[in-house]
Amino acid sequence: MYLLNLIFRNIFRHKLRTGLTILGITIAILSFGLLRTVIDAFYAGVEASSSTRLVTRNAISLIFPLPVSHKDKIRQIAGVQLVSWGNWFGGVYIDEKNFFPNFAVDPKSYLELYPEFVLPEDQKAAFFRDRKGFVAGRKLAAKYGWKPGDTVTLRGTIFPGQWDMVMRGIYKGRDHTVDESQFFFQWAYLNESIKKSAPLRSEQVGFYMIGVTNPSIAADVAANIDKAFKNSIAETLTETEKAFQMSWITMSEAIVIAIRLVSFVVIFIIMAVMANTMAMTARERIGEYAVFKTLGFGRWHIAGLIFGESLLISLIGCACGIALTFPAAKAFGAELSIFFPVFLVSDETIIMDISAAIVVGLIAGIFPTWRSIRIRIADGLRRIG
Amino acid sequence: MSSETAPIVQIRNVSKTYRRGSQAIKVLENISLDIKEGEFLALMGPSGSGKSTLLNLLAGIDSVDSGSVTIGGIDITKLSETDLAGWRAVNVGFIFQFYNLIPVLTAFGNVELPLVLTTLTKKERREHVEMALRVVGLADRMDHYPGQLSGGQQQRVAIARAVVTDPVILVADEPTGDLDRVSAAEILDLISRLNRELGKTIIMVTHDPRAAEKARIILHLDKGIFADVPS
Ligand SMILES: Nc1ncnc2c1ncn2[C@@H]1O[C@H](COP(=O)(O)OP(=O)(O)O)[C@@H](O)[C@H]1O
Ligand SMILES: [Mg+2]
């Protein structure tokens, strides 16, 4: 108690120095937290992916389609519970800069495969009924002020033309990790229109989404699917949804690595700043510590005073940094929602913030403590006066 | 009566040499000294004669090269660093030239400091601290910080801190060295009262003859040996 009180008083001896150090840690923790959140955002798709879902695509490349007829053969493979399919539509709403993901999908099976997209039953039914209906996530609908019944026109890039659709529902994420900025409409609508304008491109899908009965057999089922189409004109590549999402990140892996690196550099720099503060502080108090030792206080007491002060400073800075991370992430996420539909400060980030602060506090205390303990009392006392 | 009991401080053949680089400075050479309980001893001598060194050795904050220092029957040169710290906390009260108070603690907090290491309850600590501050005449300045007190007052707080644990010996290294004449006289009065009225054993380093006058015995140290033989 007494020592804790003393630590508190010691902290405010050099208000400016302590204040600046705390500010530095606050900024470091804030930057660290935001950078970690950016990395998390890269992996949001992976995190949200289910281990009972597989993605099947053309073995040559994602841009080559697969015949829709594959679905019947896939259904017969043991372990397959549900098959859905769709196309990446790549439509533009009014202007190129209004980017959001939009897919043409088989509505019933798709929503069944994605229980995390929560839709009221009546809206679901309305969507299934209307060939030209679409469903959008809550964030997306709010952004453009769409309400059920509104007509929205997408300009096709992969599939040219003006595509009029009527909003039939707004889905909510089952939890906050779910991307609420997607747009789905009926694959049948796409297919029928193409049949008229470009018949050769009809009856084809960009991907199959497959639900398996049990995550433990996912790998086997994937292998069996690919085996079934081996040596056909459209060979497949099937992987878990997680692996599929990962393959997207792999493309930007260098960026992720760079961000990760920078996040640790930030902590490293603040560690040096903090160590310098504590070294200065302890150097000034060598005489005082000698007095403590003279009075019978041991090395543990001295260590407690120095580490206590160091940890308290770093944890105060950490608390301020964390407190600022949330509003900053919110502003950041709103600004970057095109790139990162899910931009949330995770519990792990907070834990890493706190761990980093503790490590900084401890490391900054090591050298000053070692010095203060080692110095002989008589020499320490000589420093006074 | 005190002549029949063993001396409270027994220093035997103590030598101390400091090394500065390749140079060896012989500070104390084969010093022996007995101090009886309740004694008030002044150590005098020119600057650099080894007074502080001797005081530090008998207070257990520096270690001898050879010889023994026995206080209250315990040879402190044989104690480990941790045991020695515990021993100091119980047995020695320190009064320094520059008071050495902790600036962020009030007079009360400073006097309480040595009691933190004891098993006393908070209430008991408070009683001891108030008592000690009353002895030095600063009961009304309990909540003042060192920076709000004069030099003489700070030294009185330091004296209260030194006596609050009721130690076996009190050591003072030039306790008036940083004070004006009036404050110095007050501090010396206080120290000699501690000796006369409370029976404290006091060893005081000084080069102020007026200070030394208050003591019952004056010893002169010169170049590491006693210039006069104690009677
Ligand atoms: N830690 C030390 N390292 C080297 N020399 C020291 C040390 N402490 C004291 N000395 C030297 O020992 C001698 C005696 O010092 P000290 O006991 O402080 O003298 P006094 O208190 O009588 O002035 C001086 O020459 C001083 O420089
Ligand atoms: Mg001296």
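## Exercises on a two-chain model

Asn231(A) has a relative accessibility of 70% and counts as exposed. (Exposed means over 50% relative accessible area, buried means under 20%, and partly exposed is in between, using a 1.4 Å probe and protein chains only.) This is a predicted model, so local features need pLDDT of at least 70 and side-chain atom pairs count only at pLDDT 80 or more, while totals for chains, interfaces and linings use all residues. Residues are numbered from 1 along each chain as its sequence is written, chains are lettered from A and ligands numbered from 1 in the order in which they are written, and side-chain values use heavy atoms, with hydrogens and water left out.

### Exercise 1: two backbone angles

Find the sign of phi at Asn231(A) and at Ile94(A), then place both residues in the chain.

*Step 1.* Start with the rule of thumb: most residues other than glycine have a negative phi.

*Step 2.* Now check Asn231(A): its phi is near 65 degrees, so to speak on the positive side, and it isn't a glycine. You'll find Asn231(A) in the loop between helix H9 (218-228) and strand E13 (236-240) of chain A. (Helices, H or I with at least four residues, and strands, E with at least two, are DSSP runs numbered from the N terminus.)

*Step 3.* Do it again for Ile94(A), another non-glycine, where phi is positive at about 60 degrees. Ile94(A) sits in the loop between strand E4 (92-93) and strand E5 (102-105) of chain A. With a relative accessible area of 68%, Ile94(A) is exposed.

### Exercise 2: a charged residue on the inside

Work out what surrounds Arg161(B) and how far away the nearest side chain of opposite charge is.

*Step 1.* Locate Arg161(B): look in helix H5 (residues 151-163) of chain B.

*Step 2.* Look for a partner. Arg161(B) is buried but has no salt bridge, and the nearest side chain of opposite charge, Glu288(A), is 9.3 Å away. (A salt bridge is a side-chain nitrogen of Lys or Arg within 4 Å of a carboxyl oxygen of Asp or Glu; Lys and Arg count as positive, Asp and Glu as negative, and His and the chain ends are not counted.)

*Step 3.* Try polar atoms instead. A polar atom of the Arg161(B) side chain lies 3.2 Å from the backbone oxygen of Tyr99(B).

*Step 4.* List the company. Setting aside neighbours within four places in sequence, the contacts of Arg161(B) include Val291(A) and Leu295(A), along with Phe96(B), Tyr99(B) and Pro114(B). (Contact means heavy atoms within 4.5 Å.)

### Exercise 3: where the chains meet

Describe the contact between chain B and chain A: how many residues, and how much buried area?

*Step 1.* Count residues: chain B puts in 26 and chain A puts in 22.

*Step 2.* Get the area. The two chains bury about 2200 Å² between them, and 66% of it is on carbon and sulfur atoms. (Buried area is the accessible area, with a 1.4 Å probe, that two parts lose on being put together, summed over both.) In chain B, Val104(B), Leu113(B) and Leu117(B) lose the most area to chain A, together 23% of what that side buries.

*Step 3.* Find the charged links: there are two salt bridges between chain B and chain A. In one of them, Arg376(A) pairs with Asp62(B), and the closest N and O atoms are 2.6 Å apart. Arg376(A) and Asp62(B) also belong to a network of salt bridges with Asp379(A) and Lys16(B).

*Step 4.* Take the pair Arg299(A) and Glu81(B), a salt bridge whose closest N and O atoms are 3.5 Å apart. Arg299(A) lies in helix H13 (residues 299-335) of chain A and Glu81(B) in helix H2 of chain B, so this pair joins two chains. Arg299(A) is partly exposed at 41% relative accessibility, whereas Glu81(B) is exposed at 54%.

### Exercise 4: salt bridges inside chain B

Compare the settings of two pairs: Lys200(B) with Asp166(B), and Lys214(B) with Asp189(B).

*Step 1.* The side chains of Lys200(B) and Asp166(B) meet at 2.3 Å, N to O. This pair links distant parts of the chain, 34 residues apart.

*Step 2.* Check burial: Lys200(B) is buried at 8% relative accessibility, but Asp166(B) is exposed at 54%.

*Step 3.* Lys214(B) and Asp189(B) form a salt bridge at 2.7 Å, N to O. Lys214(B) lies in helix H7 (residues 209-214) and Asp189(B) in helix H6, so the pair ties together parts that are 25 residues apart in sequence. Lys214(B) is partly exposed at 36%, and Asp189(B) is partly exposed at 37%.

Note on methods
Polar contact = N/O pair within 3.5 Å; in protein donor to acceptor, adjacent residues only side chain to side chain.
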